[in-house]
Amino acid sequence: MDQSDLDRTMIALDGTPTKSRIGANAILAVSIAFARVQHCIDKSLLSILLRYARLSRRRAARLTINLFSGGKHAGQQVSIQDVLIVPMSAQTVDEALVAASDVYQAAGELVFEKYGMRLLTADEGGLAPPFKSVDEMFALAVEAIKRAGYVPGKDISLGVDVASTHFCKNGRYELDSDRLDSFEMIRTIANWLERFPIISVEDGLAEDDWGHWPSLREAIAGRALTLGDDLLCTNPERIERAIESKACDALLLKVNQIGTLTEALEACRQARRAGWSVSLSVRSGETEDNWAADLAVGWRADTFKNGSIRQSERLAKYNRLLEIAETTGWALADWRQR
């Protein structure tokens with residue numbers, strides 16, 4: 001029995017579209033455990049993933065690293081969920097992590113100077129000071145990049161996880177003190193791109209606002225990725241709908257959303273066939289298991305979203321990436337702008 005045989009057997013045993021009988025978390029645990037058993041036999045989970053995916057490119061995923069957090073990841077002091085840094089001039093994993101550490105420490109100094117706060121962190125390790133607005137959040141990220149000695153938009157760019165579903169009420173986006181309709185929200189995001197070096201916008205609109213996602217993509221195309229997470233849920237039907245409607249040009253791939261390695265790989269391939277970028281992501285409630293780092297490299301994800309650089313469950317994956325990079329000598333993937 002190989003990986004796909006096992007995964008499809010479990011899917012058939014469950015027999016529900018949402019894996020509610022056995023439970024998606026239980027199915028995923030078995031799916032991952034099977035891959036880990038092969039790892040124990042072959043001594044290289046990465047080589048298994050590379051063979052399984054039949055992929056030829058040998059590049060490590062570029063990192064998107066949490067710097068500031070709001071929304072449900074923090075105290076909802078601002079509406080949006082995360083501002084991330086993307087080391088662009090770094091050519092290796094260690095260079096990217098050094099840059100991230102420099103910016104994080106500079107941000108910590110600024111947080112203390114401006115808010116009198118020590119380094120309190122949110123769910124995924126991002127800093128969470130009492131920002132008064134989303135603009136203030138972006139502006140402080142840019143200031144931290146400069147203080148660390150890097151050039152915003154050249155050495156280090158920004159990504160944003162808007163997580164709009166969480167502040168969309170009755171068709172209105174309650175952003176800061178405003179209540180915006182979908183077109184106003186799109187214009188707000190486009191304005192962010194004009195003022196800040198943002199190259200990736202995740203969940204800029206709510207997960208069921210299908211009618212306006214194509215307009216968002218059109219508004220920011222060529223400047224930033226339109227990245228779907230809550231919109232897509234790593235679900236083939238939702239991904240296909242987004243492809244047909246031109247709602248996105250990038251997939252946030254979360255194995256826990258779909259439940260098995262086989263289905264996650266199929267979602268990855270589906271996005272690739274559409275010409276999309278793929279960002280391999282872990283979840284908020286993580287453990288110190290580092291298998292996701294192997295997955296990000298083995299499935300040639302363009303980016304790896306793993307949280308910040310503070311907490312052990314995040315550092316475990318970064319340490320594994322460093323180990324892979326040292327073993328293989330692979331450089332970071334190029335940024336794929338659509």
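Which residue in β3 is the bridge partner of L84? In this predicted model, the partner is G159. That pair is a handy way into the structure, so let's start with the strands around it.

**Around β2 and β3**

L84 belongs to β2, and this strand is well tucked away: 6 of its 6 residues are buried. In a regular strand the side chains alternate between the two faces of the sheet. For β2, both of those faces are covered, with D82, L84 and V86 buried on one side and V83, I85 and P87 buried on the other.

β2 has strands to pair with as well. Strand β1 (residues 62-69) runs antiparallel to β2, and 4 bridges join them. Look for I65 here, which stands opposite I85 in β2. The pairing of β2 with β3 is antiparallel too, this time with 6 bridges.

**On to β7 and β8**

G159 turns up again when you move along to β7, where its bridge partner is S200. β3 and β7 run parallel, joined by 4 bridges. Like β2, β7 is mostly covered, with 5 of its 5 residues buried.

From β7 the next stop is β8, another parallel neighbour, and 3 bridges hold this pairing. One spot to check is E202, which stands opposite L227 in β8. To get from β7 to β8, the chain passes through helix α7 (residues 213-220), making a right-handed β-α-β crossover.

Here are the pairings met so far, plus one from a separate sheet that comes up below:

| Strands | Direction | Bridges |
|---|---|---|
| β1 and β2 | antiparallel | 4 bridges |
| β2 and β3 | antiparallel | 6 bridges |
| β3 and β7 | parallel | 4 bridges |
| β7 and β8 | parallel | 3 bridges |
| β4 and β5 | antiparallel | 2 bridges |

**The β4-β5-β6 sheet**

β4, β5 and β6 form an open sheet of 3 strands, in that order, with antiparallel pairing. β4 (168-169) and β6 (178-180) are the edge strands; each has a single partner, so one side of each is left without a neighbour in the sheet. β4 pairs with strand β5 (residues 172-175), and within that pairing C168 has Y173 as its bridge partner.

**Empty space inside**

How many cavities of 30 Å³ or more does a search of the whole structure find? It finds 2, and the largest has a volume of about 150 Å³. Rolling a probe the size of a water molecule over the atoms shows where empty space is left.

The lining of the largest cavity is made up of 19 residues, and T64, S200, L227, S279 and T303 lie nearest its centre. You have already met S200 as the partner of G159, and L227 as the residue opposite E202. Several strands supply at least two lining residues each, including β2, β3, β7 and β8. β10 (277-281) is also among those strands, and β10 gives the most, with 3 residues. By type, the lining splits into 9 nonpolar, 6 polar and 4 charged residues.

**A buried aspartate**

Finally, have a look at D294, which sits in helix α11 (residues 291-298). Is D294 buried or exposed? With a relative accessibility of 2%, D294 counts as buried, because the cut-off for that is under 20%. The side chain of D294 also has company: a polar contact of 2.7 Å joins it to the side chain of R320.

Technical notes: Residues are numbered from 1 along each chain as its sequence is written. This is a predicted model: local features need pLDDT of at least 70, side-chain atom pairs count only at pLDDT 80 or more; totals for chains, interfaces and linings use all residues. Side-chain values use heavy atoms; hydrogens and water are left out. Buried means under 20% relative accessible area, exposed over 50%, partly exposed in between (1.4 Å probe, protein chains only). A polar contact is a pair of N or O atoms within 3.5 Å; within protein, one must be able to donate a hydrogen and the other to accept it, and residues adjacent in sequence count only if both atoms are side-chain atoms. On a 1 Å grid over the protein atoms alone, a cavity is a set of points where a 1.4 Å probe fits but cannot get out, and a pocket is an open set with protein on both sides within 12 Å along at least five of seven lines; lining residues have an atom within 4 Å of a point. Grid points are joined across faces, edges and corners, and a volume is the space filled by probe spheres set on the points. Ala, Val, Leu, Ile, Met, Phe, Trp, Tyr, Cys and Pro count as nonpolar, Asp, Glu, Lys and Arg as charged, and the others, Gly among them, as polar. Two strands pair if DSSP finds at least two bridges between them. A crossover is right-handed if, with the strands pointing away from the viewer, the path from the first strand over the helix to the second runs clockwise.
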